[in-house]
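Here are a few exercises to work through with the model open beside you. Try each task before you read its solution.

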Amino acid sequence: MTKTITFTVSVPTKEGFLGRACHSSDCGQYFKIYIDHREEHMYCPYCGKQFSETELYTSDQKKYILEAAKEEATVYAQKELQKILKETFGRSTSSNSGFSVSYKPGKINKRKVAPKYSERKVDSELLCPSCTTRFQVYGVFGFCPGCREENLLIYDANWSIIKREVDDSKNPERALRHAYGDFVSAFEIFCDSKASKLTTEKGNFQIL
Ligand SMILES: [Zn+2]
Ligand SMILES: [Zn+2]
């Protein structure tokens, strides 16, 4: 008989935002969703693919959840074992030989499992005007993770990200080269979304 035991592990957030990682091996990029705005299915803001909410855990979160669940399972197993021993040897037993066994349960110490990571810093926070999902991204992106909406707000945000990269840089030439790559990525996202409405053919941009 298989028995399923359910434990609740709470995953830490940063200022109300939960880190997420795209489940696609081609993308795998990091973003954050406001904790109350999570839906059963969400989209990656970078590649636009849809995933179930449970597929979006980051590797740090998965490690922490597994470690916390292992500790819960260990405590549960110890309690079950104590129950069995108590039922068997709880009362002093004596036999004809005069040999007696008694059992006193010891204290179970639950180890406190704390996460060894904190959510990463990203550079932009957005609120989708269509579905009101609050999310945070790093660098250029193409979609709202809540509704996959592509709208002008996203192109505006991408433009601000690119401008900020250049302004904040100590090495403007290098930043400009990087910004140029980001600018082409933003343009590719725009062209892809427009093309998908006109044709099923898929274009291919040269990777910079
Ligand atoms: Zn993705
Ligand atoms: Zn949206």
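**Exercise 1.** Find which residues line the largest cavity, and sort them by class.

*Solution.* Start with the rule: on a 1 Å grid over the protein atoms alone, a cavity is a set of points where a 1.4 Å probe fits but cannot get out, and lining residues have an atom within 4 Å of a point. The lining then consists of Tyr 30, Thr 58, Asp 60, Tyr 117, Ser 118, Glu 119 and Arg 120. Next, sort them: Ala, Val, Leu, Ile, Met, Phe, Trp, Tyr, Cys and Pro count as nonpolar, Asp, Glu, Lys and Arg as charged, and the others, Gly among them, as polar. That gives two nonpolar, two polar and three charged residues. Finally, the volume of this cavity is about 40 Å³, where volume is the space filled by probe spheres set on grid points joined across faces, edges and corners.

A note on the source: this is a predicted model, in which local features need pLDDT of at least 70 and side-chain atom pairs count only at pLDDT 80 or more, while totals for chains, interfaces and linings use all residues. Residues are numbered from 1 along each chain as its sequence is written, chains are lettered from A and ligands numbered from 1 in the order in which they are written, and side-chain values use heavy atoms, with hydrogens and water left out.

**Exercise 2.** Work out whether the length of helix 1 agrees with its expected span, and which of its residues are buried.

*Solution.* Helices (H or I, at least four residues) and strands (E, at least two) are DSSP runs, numbered from the N terminus. Helix 1 covers residues 59-89, which is 31 residues. The expected span is 1.5 Å times one less than the number of residues, so helix 1 should reach 45 Å; its end C-alpha atoms are 44 Å apart, in agreement. Now look for buried residues (under 20% relative accessible area; exposed is over 50%, partly exposed in between; 1.4 Å probe, protein chains only). In helix 1 these are Gln 61, Tyr 64, Ala 68, Glu 71, Val 75 and Gln 82. Their cover includes strand 1 (17-21), judged by contact, meaning heavy atoms within 4.5 Å.

**Exercise 3.** Locate Thr 132 and Arg 148, and classify their accessibility.

*Solution.* Thr 132 sits in the loop between strand 7 (124-127) and strand 8 (134-137), with phi near 60°. Because its relative accessibility is 47%, Thr 132 is partly exposed. Arg 148 belongs to the loop between strand 8 and helix 2 (152-168), and its phi is positive, about 65°. At 33% relative accessibility, Arg 148 is also partly exposed.

Technical notes:
On a 1 Å grid over the protein atoms alone, a cavity is a set of points where a 1.4 Å probe fits but cannot get out, and a pocket is an open set with protein on both sides within 12 Å along at least five of seven lines; lining residues have an atom within 4 Å of a point.
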